Amino acid sequence: MMRLTKPTLLLDQNICKRNIRKMADKAKKSHVELIPHFKTHQSATVGEWFREKGVKAITVTSVKMAEYFAGYGWNDITIAFPTNILEIEKINKLAERIDLKIFVNSEETAVLLKTELNTSVKFYIEVDVGDGRSGINAENSSAISKILEVTRGSNLLFLGFYTHAGHTYNASSPQEVVKIAEKVNEKLRSLKRHFRKEFPHLKIGLGDTPSCSIHEDFEGIDSIHPGNFVYYDIVQHRIGASAIDEIAICLAVPVVAVHPERNEVVVHSGWVHQGKDSLIDSEGKAFYGLIVHLTENNWSAPIPGAQVSKISQEHGVFNLPGDVMNDIKVGDVLGILPVHACATAVMMGEIYTLEGERLTMMPR
């Protein structure tokens, strides 16, 4: 492993490639297209590993990200975010270069796009199936019909419905994820039945990692768009979407102070490095990551009883068992398995393989 002197995000590419292969195989077996969300890794290098598994279309979360991956030869890109009409100039330029798919979530947006688009663009209507974040309520067929009426005969070509069932992230077990996924999928199938007569080729896209990792029934679904699975994290492990040894990234951090009297060490790692996401432990306390030892070519399993107990902008505080404290000194480097991989990856902005190779990532 390379010499580490500052907070450094490490990637085990063997685990990462295994996660990609596992999801690609599941999609093939389930007869759905894998259109992975690249918001987690935001890396052209990691993107190539998806190409090796036959992935031809991708999902992103912004126009900027679409521009970045278009620059690396991706020609079929879905922007899974409500269209920001203020970026219409960039959207028009992208639509001239690639097969672009966008979200149209309101009649107002549809009217503006109908006027401003210079070329044909396919669109999904994002539907809310219980998460409450964005999209039209899946049961509000009237609002959906209004969008379809506005876009008829325009440059906006209706592709189908897309949803991110984000409420699966609140599940406490794989069984609960399955129950949520079954309800979600039935709502999506109902939409398909309702609009299929007028749009016989409409597609249904599903985007959350817990459902795509755990659920096995994708009847009526045409494509899956998970993103977090490429790295996984503590949230996914807690839900039951992944094993601990499927977490592909680790944040290496230097120890800058040791406090044996309170079983704590201070490290160089705050929310600017790992984000602010936290979970609650069995004692009702918030924690911001699990602690591992770094080995010659990898990292260990989580240290029992060790976690990130506090973070500020640049500081992190580790709570460690007494027997571990005895072996820690200033200048050591420990590792954090992140609560939320997407946040840690974007906050760090760069990532290295265990061999010290820096991967190409989207500039912040």
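**Notebook: cavities, a pocket and a helix**

I started with the second largest cavity and found a volume of about 40 Å³. I note at the outset that the model is predicted. I listed the lining of this cavity as Glu 126, Val 127, Asp 128, Asp 131, Arg 133, Ser 134, Thr 163 and His 164. Strand β6 (residues 121–128) gives the most to it, with three residues. By class I have one nonpolar, three polar and four charged residues there.

Next I looked at the search of the whole structure, which finds two cavities of 30 Å³ or more. The largest holds about 50 Å³ of space. Its lining includes His 37, Lys 39, His 164, Tyr 169 and Asp 208. I also noted His 225, Pro 226, Gly 227 and Asn 228 among the lining residues of the largest cavity. This lining divides into two nonpolar, seven polar and two charged residues.

I then turned to the largest pocket, with about 560 Å³ of space. Which residues lie nearest its centre? I found Lys 39, Arg 133, His 164, Tyr 169 and His 340 there, out of 27 lining residues. Strand β4 (76–82) and helix α9 (234–239) are the elements that give two or more residues to the lining of the pocket. I recorded its classes as twelve nonpolar, nine polar and six charged.

Helix α1 came next. It runs over residues 13–30 and reaches 26 Å from its first C-alpha to its last, close to the 26 Å expected. At its N-terminal end Asp 12 acts as a cap, with a side-chain oxygen 3.0 Å from the backbone nitrogen of Asn 14. Just after the helix, His 31 takes a positive phi of about 60 degrees. Among the buried residues of α1 I noted Ile 15, Asn 19, Met 23, Lys 26 and Ser 30. The cover over the buried residues includes β1 (8–11), β2 (33–34), α2 (44–51), α8 (209–214) and β10 (223–224).

Last, I checked two single residues. Is Lys 192, in helix α7 (residues 174–195), buried or exposed? Its relative accessible area is 15%, so I put Lys 192 down as buried, the cut-off being under 20%. Leaving aside neighbours within four places in sequence, Lys 192 is in contact with Leu 202, Ile 204, Gly 220 and Asp 222.

His 273 sits in helix α10 (residues 271–274). I entered His 273 as buried because its relative accessible area is 10%. Not counting residues up to four places away in sequence, His 273 touches several residues, including Pro 7, Leu 251, Gln 313, Glu 314 and Met 347.

Technical notes:
Residues numbered from 1 in each chain as written. Predicted model: local features only at pLDDT ≥ 70, side-chain atom pairs only at ≥ 80, totals over all residues. Heavy atoms only, no water. Helix = DSSP H or I, 4+ residues; strand = E, 2+ residues; numbered from the N terminus. Expected span 1.5 Å × (residues − 1). Buried < 20%, exposed > 50% of the residue type's maximum accessible area, 1.4 Å probe, protein only. Contact = heavy atoms within 4.5 Å. Polar contact = N/O pair within 3.5 Å; in protein donor to acceptor, adjacent residues only side chain to side chain. 1 Å grid on protein atoms, 1.4 Å probe; cavity = no way out; pocket = protein on both sides within 12 Å on 5 of 7 lines; lining within 4 Å. Points joined across faces, edges and corners; volume = space filled by probe spheres on them. Nonpolar A, V, L, I, M, F, W, Y, C, P; charged D, E, K, R; others polar.
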